[in-house]
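Here is a short tour for a reader new to this structure. Keep the sequence and the 3D view side by side while reading.

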Amino acid sequence: MPTPKRTSTSARRSTRKPQRRISAARQSERSSQLELEASPGRRLYLTDVALRDGHQSLLATRMRTEDLLPVAEQLDSVGFWSLEVWGGATFDTCLRFLKEDPWERLRAFRAALPNTRLQMLLRGQNLVGYRHYADDVLQKFIELSVKNGIDVFRIFDALNDIRNIKPAMEIVRKCGKHVEAAICYTKSPVHSLNHFVEQAKQLEDLGTDTICIKDMAGLLPPLEAYELIKRLKATVRVPIHLHTHYTSGMASMSALMAILAGLDILDTALSPLSGGTSHPPTESFIAALQGTPYDTGLNLQSLAPATERLRTARKRYRQFESDFTGVDTDILISQVPGGMLSNLAAQLAEQNALNRIKEVLEEIPRVRKDMGYPPLVTPTSQIVGTQATLNVLTGERYKVVTNETKNYFLGLYGKPPGAMDRTVRKLAIGNESPIKGRPADNLDPELDDARRELSGRAVSEEDIVSYALFPSIALQFFDERERGEFSPEKLEPSAESRPTVAHELHLAPVEFKITVHGESYHIRVSGAGPTVEGVKPYYIKVDDKLEEVYLEPIQEVLAGTPEIPQPQGGAQGKRPKPTRPGDITTPMPGRIVKISVAQGDRVAKGDPLLVVEAMKMENRIDAPIEGTVSAIYVKEGDNVNPDETLIQVE
């Protein structure tokens, strides 16, 4: 598994042998012709990302370790430059949904892949979370990641603010591991190829071992890919790695042009988890380059067992398949990554407002402009998407400003690529002044507090870091682990499964209650008539009054499995609807992660009351008036909606 060597630019120029020149028309604002010159032959190295970004992109990161490990074992002898197995959203998802220890997953991968570099995605100072963490958490996280098996750290910052990735780079180098600094590729009036090349020079000066162009939305056009890689190879000596998603349909074309320009390493995904919002297929590139000057040196046949196993495993997770799994050329206009699109659709559906998704997609570019054109990647994609959704649903731009939007305008995420809108910034932060300098310089150490809060529990150093990253989620995980009663998300049975006994049947209800706008009705289906021209009459009793209704199916789906009945004693009490200024609500559906007050507390206007997590972002809700907390209708972990009163202040 050699690493592509650094080469001097002078040596590169002197040894370049033109193989073919092709003239191509360029856009009107550029030169009328572009000379394409194939780079000298060299082996192209591949990083397969199916075990991390492949299922994160296509299956909401829900694949379990038990399905990934057998695939990993079969890939160890293939000869990949690296396998991406960890980081990104996997850490959060393991704790939150799968009820797996993410550190145990990493150790299992290390044991299964003794001969292959293990790679992870690190969000700079955000680590694997959605906010900046203090430097002591950063250092301990990286040290433990090395201890548990990571070899290559791909480090990026959502704003391309190099101040936010420099400390992580330094720590990885001290640990003796491979630093791959990444540049988030995007399009805007303030981004250009000159901008990206200049960043690459700065990253090389900081000591990165390789540089990754991270095209998270699949926006990199083929000819621009050629030009960018060619200019990078002429400017820096370190190897160049390309990461591009298939969302727009251009990924394979762009990757091939990058290879012709001199690319050293390419991200691909095994075919069962490729395409759509994922990546170009690994097998296709091995075949396409076989026998060429850029042959990968990998054997297609050696991948067959892993590919077949992964194809079978994917079927278990069909409930997590996104509606946005094909090529989506709309992204070329909206620049909304597929994962962000799925999150927006889910949030709008929870508020019965899915019909307004087009308005939200039109608002996102406006919010992005207001914020200085940040690349849309975690966490800025969530910040921009959530704020755009609120702007549409409230009917007034920035009437409600999320806590994360406020922090963004305060500079707590770093320096935006372009100038922020002053009027919007005033709406977001009022009279507060934005910070100057690196955001993490304003953060107090966090690990000692985490240790103190976990005192009395049997926890490891890894557990302490997990808690520092995701306090409420980690605590829930620890509690379940101590009880030996993990409750992971249930997987729907396969389509081939059929009920074999009566209690496995999914019985349709014939008597039930429905609630519409707060009014409840008792419904009983008394009978049905024959279907005539696709319309079937039903006779139902509504509060004992017999009514005849006609049902004309427009779309039908297979019934799912029945839900497990919940004990009546555990049912959550109905929360009152907000009617007064002191009735505290959430701007979006979400989950309570922290309650900062108790009943009877005296609060001033603007005091923090609770924190609601929505779209992976934690939003603080403050007191709108001065008064006394008279009632609290929620507890940590509860799911909440905008039409409910969570806390009352009188």
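Which residues of strand S3 (residues 45–48) are buried on one side, and which on the other? Tyr45 and Thr47 are buried on one side, Leu46 and Asp48 on the other, so both faces of S3 are covered. Keep in mind that this is a predicted model.

**The protein as a whole**

The protein has 21 helices and 22 strands. It holds 650 residues, and buried residues make up 51% of them. Take the contacts in the protein with a separation of 6 or more: 70% of them come from residues 24 or more positions apart. The exposed area is about 30,000 Å². Carbon and sulfur atoms supply 50% of that area.

**Strand S3 and its partners**

Return to S3. Strands of a sheet pair through backbone hydrogen bonds, either parallel or antiparallel. S3 pairs in the parallel sense with strand S10 (residues 265–268), over four bridges. In that pairing, Thr47 stands opposite Asp267. S3 also runs parallel to strand S4 (residues 82–87), joined to it by two bridges. Here Asp48 stands opposite Leu83. Both Thr47 and Asp48 are buried, on opposite sides of S3.

**An enclosed helix**

Helix H2 (residues 50–58) is next. Eight of its nine residues are buried, so H2 is largely enclosed by the rest of the structure. The buried residues of H2 are Ala50, Leu51, Arg52, Asp53, Gly54, His55, Ser57 and Leu58. Ala60 follows H2 and has a positive phi, near 55°.

**A helix with one buried face**

Helix H21 (residues 471–483) has 13 residues. From first C-alpha to last, H21 reaches 18 Å, close to the 18 Å expected at 1.5 Å a residue. Its buried residues are Ile473, Ala474, Phe477, Phe478 and Glu480. Seen down the axis of H21, these residues fall within an arc of 165°, so they line one face of the helix. An α-helix has 3.6 residues a turn, so residues three or four places apart point the same way.

What do the buried residues of H21 pack against? They pack against helix H4 (90–98), helix H20 (461–469) and strand S16 (590–595). After H21 comes Gly484, with a positive phi near 70°.

**An open antiparallel sheet**

Four strands form an open sheet in the order S15-S22-S20-S17, with antiparallel pairing. Strand S15 (583–584) and strand S17 (602–603) stand at the edges. Each has a single partner strand, so one side of each is left without a neighbour in the sheet. S17 is joined by two bridges to strand S20 (residues 627–632), and the two run antiparallel. The bridge partner of Val603 in S20 is Gly627.

**Backbone angles in the loops**

Most residues other than glycine have a negative phi, and most peptide bonds are trans. The table gathers two residues with positive phi that lie in loops.

| Residue | Phi | Loop | Relative accessible area |
|---|---|---|---|
| Lys99 | near 55° | between H4 and helix H5 (102–112) | 8% |
| Tyr398 | about 65° | between H16 and helix H17 (403–409) | 5% |

Neither Lys99 nor Tyr398 is a glycine. Are these two residues buried or exposed? Lys99 is buried, and Tyr398 is buried as well. The cut-off for buried is under 20% relative accessible area.

The peptide bond between Thr378 and Pro379 is cis, with omega of about 5°. Pro379 is found in the loop between helix H15 (357–370) and helix H16 (380–394). H16 also borders the loop that holds Tyr398.

**A buried glutamate and its partner**

Where is Glu224 placed? Glu224 is in helix H9 (residues 222–235). Glu224 is buried, with a relative accessible area of 11%. Its side chain is joined to that of Tyr185 by a polar contact of 2.5 Å.

Methods: Residues numbered from 1 in each chain as written. Predicted model: local features only at pLDDT ≥ 70, side-chain atom pairs only at ≥ 80, totals over all residues. Heavy atoms only, no water. Pairing = 2+ DSSP bridges. Expected span 1.5 Å × (residues − 1). Buried < 20%, exposed > 50% of the residue type's maximum accessible area, 1.4 Å probe, protein only. Arc of directions from axis to C-beta. Contact = heavy atoms within 4.5 Å. Areas by Shrake-Rupley, 256 points an atom, 1.4 Å probe, with all protein chains shown as cover. Polar contact = N/O pair within 3.5 Å; in protein donor to acceptor, adjacent residues only side chain to side chain.
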